[in-house]
Amino acid sequence: MIAKRHLLSVSLAALLGSHSVYADTLLDVYELAVKNDPQLKAAEASYRANIETKNLGRAALLPQISAQAYYQDVESDSERKSPTNTGAIIDQKASTDSESEYYAVSLNQALFDLPAWFTFQAGKKVSEQAQAQLAYEQQQLIIRTAEAYFNVLRGRENLDASKAEERAAKRQLEQTQQRFDVGLIAITDVHEARAVFDSTVAQRLGFEGNLAIARENLSSLTGQEHNNLWSLKADFPISMPEPADRAEWVNFALANNKLLQVSNAGAGSAYQTAKAKKMEHLPKITGSFTTSKDDLDGTTRYNPTSTFATPPDSHTETDALRITLTMPLFSGGGVSAGRRQAYEQYNAANYNAQATQRQVITATRAQHIAVYTDVKTVDARHQNIISTRSALDATEAGYEVGTRNIVDVLDAQRRLYGAMRDYTNARYDYVIDVLKLKLNAGTLSPADIIQLNKWLQASESVSLSERS
């Protein structure tokens with residue numbers, strides 16, 4: 001059953017009650033996206049339009065009742081040759097003034113109409129397809145919101161690391177310049193340090209641009225600016241997906257993937273439509289009942305007068321019951337062409353459903369592998385920070401005693417800050433890949449946003465390098 005947006009908003013509002021209204025948490029941003037994202041609004045409108053297909057198909061199977069009424073006021077003049085009692089022929093003129101009222105109610109009911117029945121079945125599948133499509137768009141909104149939100153965090157932490165690297169390069173340049181000024185090193189070391197510093201400045205400008213773009217992408221979902229996002233806690237758990245068996249995730253996907261449900265419902269609708277077209281060769285039986293009442297009141301004046309004149313007054317009541325059988329004999333080949341076309345359209349929809357199923361299986365397996373790899377990568381990246389920091393300390397000590405040169409120190413610094421950025425990116429890759437795995441499995445829901453939101457905290461003023 002499709003998740004209704006107003007129910008979603010109520011649950012989100014209840015959970016948001018414990019947070020500050022000014023806090024830009026993931027849950028806050030998601031609620032705003034649910035209310036303001038134009039892509040989701042378009043999906044909801046398409047859903048409301050497409051679920052009417054079932055009702056339109058059912059209408060052809062239900063009674064059709066119509067009513068007709070009219071009032072008519074007629075004035076007419078006529079002239080004709082009329083015989084008299086004596087046998088003479090005279091010009092007879094007549095003037096008629098009449099009023100008539102007519103009322104009729106008709107009921108028509110399809111008694112045997114297989115094309116209409118299968119069209120109704122096809123409409124039910126279209127409504128199921130619309131339901132699954134909206135659910136998929138709602139899950140996609142979760143992914144788009146999480147990606148946009150964490151891309152801002154990613155950009156912010158990468159920028160922090162870049163700024164810290166720039167500061168370190170600047171200090172190294174100043175120290176190298178001082179060493180050169182007192183004659184301890186050659187001018188080459190100064191040039192090397194300045195080149196690295198200039199490179200870090202350019203790198204920092206690039207990360208500033210990436211962060212600005214990430215903020216714009218997030219704003220496009222909500223229609224608002226978000227400059228105070230909460231950060232992911234350092235102790236956010238990085239664990240293997242549950243269940244660990246990849247085949248179980250594939251089974252989940254085959255049973256629950258919304259995109260696969262959309263494709264299967266589309267194939268089902270095409271099949272029912274093909275059957276409806278096939279049944280166009282069969283006869284149709286329709287029953288109808290009509291009751292009507294016709295009153296005519298008026299006067300007729302003759303000149304000269306006639307003893308045979310009668311007023312036009314009349315009153316008629318009619319009840320008619322009719323059973324109609326309609327049998328198509330030849331329609332220029334249109335019925336057969338429509339049947340062949342519909343079955344080929346079903347074949348295409350069926351093959352597309354098979355292709356979607358294979359894509360879902362492959363994507364689910366690949367996403368499971370990605371999450372598994374992310375877990376290992378995060379551990380390796382964290383260890384790499386420890387190793388590169390130790391290497392930097394040893395290189396700086398060697399530089400002090402003359403066993404290492406400035407190039408070695410600068411390279412060690414860049415490796416350390418590169419390791420910090422790699423660790424940041426690996427953590428956010430893991431978060432997004434877990435959500436995408438659940439999307440493929442069809443189990444993604446706002447509850448995942450709520451759970452993830454618990455691992456956020458207000459942003460600290462310290463940089464990534466200082467936290468590390």
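Reader: How do helix α7 (residues 246-256) and α10 pack, in angle and axis distance?

Author: Their angle is about 55°, and the axes are 7 Å apart. Axes here are lines fitted to C-alpha atoms, for helices over the stretch in contact, with angles from 0 to 180 degrees between N-to-C directions. Helices are DSSP runs of H or I with at least four residues, strands are E runs of at least two, and numbering starts at the N terminus.

Reader: What makes α7 oblique to α10?

Author: The cut-offs do: under 35 degrees is roughly parallel, over 145 roughly antiparallel, 65 to 115 roughly perpendicular, and the rest oblique. An angle of about 55° fits none of the named ranges, so α7 is oblique to α10. On the α7 side, Trp249, Phe252, Ala253 and Asn256 make the contact; α10 brings Leu437, Lys438, Asn440 and Ala441. Contact means heavy atoms within 4.5 Å.

Reader: What sort of model is this, and what filters apply?

Author: It's a predicted model, where local features need pLDDT of at least 70 and side-chain atom pairs count only at pLDDT 80 or more, while totals for chains, interfaces and linings use all residues. Residues are numbered from 1 along each chain as its sequence is written, and side-chain values use heavy atoms, leaving out hydrogens and water.

Reader: Where does pLDDT stay under 50?

Author: Over residues 1-22 and again over residues 461-468. pLDDT is the predictor's confidence in each residue, from 0 to 100. The protein averages 87, and 89% of its residues score at least 70. Among the elements, helix α1 (residues 5-16) has the lowest mean, 39, and helix α11 (residues 446-453) the highest, 95.

Reader: Why does Asp37 count as buried?

Author: Buried means under 20% relative accessible area, exposed means over 50%, and partly exposed is in between (1.4 Å probe, protein chains only). Asp37 has 3%, so it counts as buried. Asp37 sits in the loop between α2 and α3. Beyond four places in sequence, Asp37 touches Leu32, Leu141, Arg144 and Leu221.

Reader: And why does Asn50 count as partly exposed?

Author: At 34%, Asn50 falls between those two cut-offs, so it is partly exposed. Asn50 lies in helix α3 (residues 38-50). Leaving out neighbours within four places, Asn50 contacts Val126, Ser127 and Ala130. The C-alpha atoms of Asn50 and Gln129 are 8.5 Å apart, though 79 residues separate the two along the chain.

Reader: Why is α2 called oblique to α6?

Author: α2 and α6 pack at about 55°, axes 7 Å apart. That angle again lies outside the named ranges, so α2 is oblique to α6. Val29, Leu32, Ala33 and Asn36 of α2 meet Leu218, Leu221 and Thr222 of α6.

Reader: What makes a set of residues a nonpolar core, and which residues have the most contacts inside the largest one?

Author: The members must be buried Ala, Val, Leu, Ile, Met, Phe, Trp, Tyr or Cys residues joined through side-chain atoms within 4.5 Å. The largest core has 60 residues, and Tyr149, Phe150 and Tyr430 have the most contacts inside it. Helices supplying at least two residues each include α5 (114-181) and α9 (334-401), while α10 gives the most, 16 residues. A second, separate core has 11 residues, among them Leu173 and Tyr399. In soluble globular proteins, nonpolar side chains tend to be buried together.
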